[in-house]
Structure formats: structure tokens, C-alpha cells
Amino acid sequence: FRALEEFSSQVGDMRGRLVGDLHIAALDALASNPDCRLHDAIERFKARGGAVHITLHVANPLEIERAVLEGRYHIGIGSFPSHAPGLSYRFLFDELQQLYCGKGHPFFRRRDGKLTVRDCETADYVRRGYYAGSLRPGPFRSQNETATAFNMEATATLILSGRFLGHLPRHYARPWVERGELRPLLEGELDYRTRFELVQRKGPPPGPAVETCQADLMAAFGVAGPEA
């Protein structure tokens, strides 16, 4: 089926049109990040005309890498704790992650001056299921991981319960912070930044549509450079 798809795309290119199916995958909770220009890239690509059907998938980093390697997704955007063989990576942007607690948590009313890193490390914490061991980013090392989440929606729900601490992207948490439902803890001490990269299979793109979309993504993010 992939061979037929590539053939159809190449025939369309011979006729001067972009055709076929394009599968893009990204982490969740990126639409509210002002540094994520995926929507601009899609606008650029659609402005070219053609008859490409775009499917946008939301998945965690491990799922994205696996599906790109298998050829089910053409392009992935995410934060990848390690680089897998057979895939190429290009840096796009980074994202600030902060530690939060919910309104019902004992730390919510406690001033940062009365709160220590040790307090946070021993509190119940939501870990991200796709980060393991030494691959976990940032300086925070919880000693009490009592919940696991694989996306930001699940992480936010557990933190909002008032029973767990957890890291969220600052742009994603902002509405709850403004409503007084979430509070960042020890800002500057337990924050970290995650690198977001574009991932594809190594080798030539499987057709003009994928190659063109890749070029539009790089232009929208204003980045270029060698593959990693």
C-alpha cells in the first residue's frame, strides 16, 4: 500500500500537482504554544493547491518514532529523549515546563520561601510514561511517583485533583493559573526546557508531497541545518 501511495504521488508530480495522503504526527497540547508554527506550515502547504489529504495524528514520542520508522506517519514533531537509529531529527523549538500543584494541594497556599526542593521531591508526583530513568529531562527527581500519564490532558487532570504535583508546559497551564486553579512551584529551580524536533525516516522522502511539506515546515519554523 505504501508503494502504491508513493507511485500515485509521483504520477501526480509528473502532472505538476501534489497528490496523495500525508500523515503528520505531533505531541498533544501544541496548539497553544506560540513557538509551534505547525499551523503556519500547513497553511503554506495548502496554499500550493493540489489534492493531498492531510491526517494529523496526536501521539506520544515513542509512538511517533515507531510509526515514522514503520512508514505509517511521514513526519513527526515531538520531544524525543533519545534518537533512534534509522531516523533523522531536526531541531524546531523548545518549550518551558514548570512544576505545578492544584488548588486543593497543601503546597498551594504555602509561599515558595517556606517550600523546599525536598518537599517537592517527596510529594506525590505524576510521571510521564514515555520518559524512563536517565532519559527524564530537567533537574527534578521525584521520590514518590504515584501516578503515570501519557499526555498533557491526563497530567493536568491529575494535578487539578489537588493530590499530585506534575510538570506542564507553561503555555498550556496558563488558563488554569489565571483562574487560580493551578500554581507553579519554585519557579526557576525545578523548571526545564524540552527540545522539539522534526523526525523522519532516513533516506529520500517517499514522494513530492512529503518533501514539500518538510520544506514548508522548516520555512515556517525558520530553521535549517544538518540532520542529526
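**Figure 1. Leu 186 in the loop between β8 and β9 of the predicted model.** At 3% relative accessibility, Leu 186 falls under the 20% limit and therefore counts as buried. The residue belongs to the loop that runs between β8 and β9. Its phi is positive, about 45 degrees, although Leu 186 is not a glycine. Most residues other than glycine have a negative phi.

**Figure 2. Ala 29 in the loop between β1 and α2.** A second loop residue with this backbone feature is Ala 29, with phi near 65 degrees, a positive value in a residue other than glycine. The loop that holds Ala 29 lies between β1 (19-26) and α2 (38-46).

**Figure 3. Gly 102 in strand β4.** Gly 102 has 0% relative accessibility and so counts as buried. Leaving aside neighbours within four places in sequence, Gly 102 is in contact with Phe 108, Ile 159, Gly 162, Glu 181 and Leu 182. One of these contacts, Leu 182, is 80 residues away from Gly 102 along the chain, yet the two C-alpha atoms are separated by 4.6 Å. Another, Ile 159, is a buried residue of helix α5, and Gly 162 follows that helix.

**Figure 4. Helix α5 (residues 152-160) and its buried face.** Met 152, Thr 155, Ala 156 and Ile 159 are the buried residues shown here. Seen down the axis of α5, the buried residues fall within an arc of 95 degrees, so they line one face of the helix. That face packs against the strands β4 (87-102), β5 (125-128), β6 (145-149), β7 (165-169) and β8 (182-184), and against helix α6 (170-178). At the N-terminal end, Asn 151 caps α5, with a side-chain oxygen 3.2 Å from the backbone nitrogen of Glu 153. After the helix comes Gly 162, whose phi is positive, near 80 degrees.

**Figure 5. Helix α7 (residues 208-221).** The 14 residues of α7 reach 20 Å from the first C-alpha to the last, close to the 20 Å expected at 1.5 Å a residue. The helix is mostly covered, with eleven of its 14 residues buried. The buried set consists of Pro 208, Ala 209, Val 210, Thr 212, Cys 213, Gln 214, Asp 216, Leu 217, Met 218, Ala 220 and Phe 221. Gly 222 follows α7 and has a positive phi, near 65 degrees.

**Figure 6. Gln 200 in strand β9 and its contact with α7.** Gln 200 is found in β9 (residues 192-201). With 6% relative accessibility, Gln 200 counts as buried. Its side chain is joined to that of Gln 214 by a polar contact of 3.2 Å, and Gln 214 is itself among the buried residues of α7. Not counting residues up to four places away in sequence, Gln 200 touches Val 68, His 74, Ile 75, Gly 86, Leu 87, Ser 88, Val 210 and Gln 214.

**Figure 7. The largest nonpolar core, with Ile 77 and its contacts.** The core has 47 residues, of which Leu 30, Ile 64, Ile 77, Leu 92, Leu 168 and Leu 217 touch the most other members. Its largest share, seven residues, comes from α7. Ile 77 touches Ala 25, Ala 26, Leu 27, Leu 30, Leu 38, Ile 64, Leu 92, Phe 196, Glu 197 and Leu 217, not counting residues up to four places away in sequence. Another core, of 13 residues, lies apart from the largest one and includes Leu 99, Cys 101, Ala 123 and Phe 140.

**Figure 8. Asp 119 in helix α4 (residues 117-122).** Asp 119 has a relative accessible area of 23% and is partly exposed. Leaving aside its neighbours within four places in sequence, Asp 119 is in contact with Phe 107, Arg 110 and Lys 114. Asp 119 and Phe 107 are twelve residues apart in sequence, with 9.1 Å between their C-alpha atoms.

**Figure 9. Overall context for the close-up views.** The protein has seven helices and nine strands. Of its 228 residues, 47% count as buried. Among contacts between residues at least 6 apart in sequence, 74% join residues at least 24 apart. The accessible surface of the protein comes to about 11,400 Å², and 50% of it belongs to carbon and sulfur atoms.

Definitions and conventions: Residues are numbered from 1 along each chain as its sequence is written. This is a predicted model: local features need pLDDT of at least 70, side-chain atom pairs count only at pLDDT 80 or more; totals for chains, interfaces and linings use all residues. Side-chain values use heavy atoms; hydrogens and water are left out. Helices (H or I, at least four residues) and strands (E, at least two) are DSSP runs, numbered from the N terminus. The expected span of a helix is 1.5 Å times one less than its number of residues. Buried means under 20% relative accessible area, exposed over 50%, partly exposed in between (1.4 Å probe, protein chains only). The arc is that of the directions from the helix axis to the C-beta atoms. Contact means heavy atoms within 4.5 Å. A polar contact is a pair of N or O atoms within 3.5 Å; within protein, one must be able to donate a hydrogen and the other to accept it, and residues adjacent in sequence count only if both atoms are side-chain atoms. Accessible areas come from the Shrake-Rupley method with a 1.4 Å probe; for residues, only the protein chains shown count as cover. A nonpolar core is a set of buried Ala, Val, Leu, Ile, Met, Phe, Trp, Tyr and Cys residues joined through side-chain atoms within 4.5 Å.
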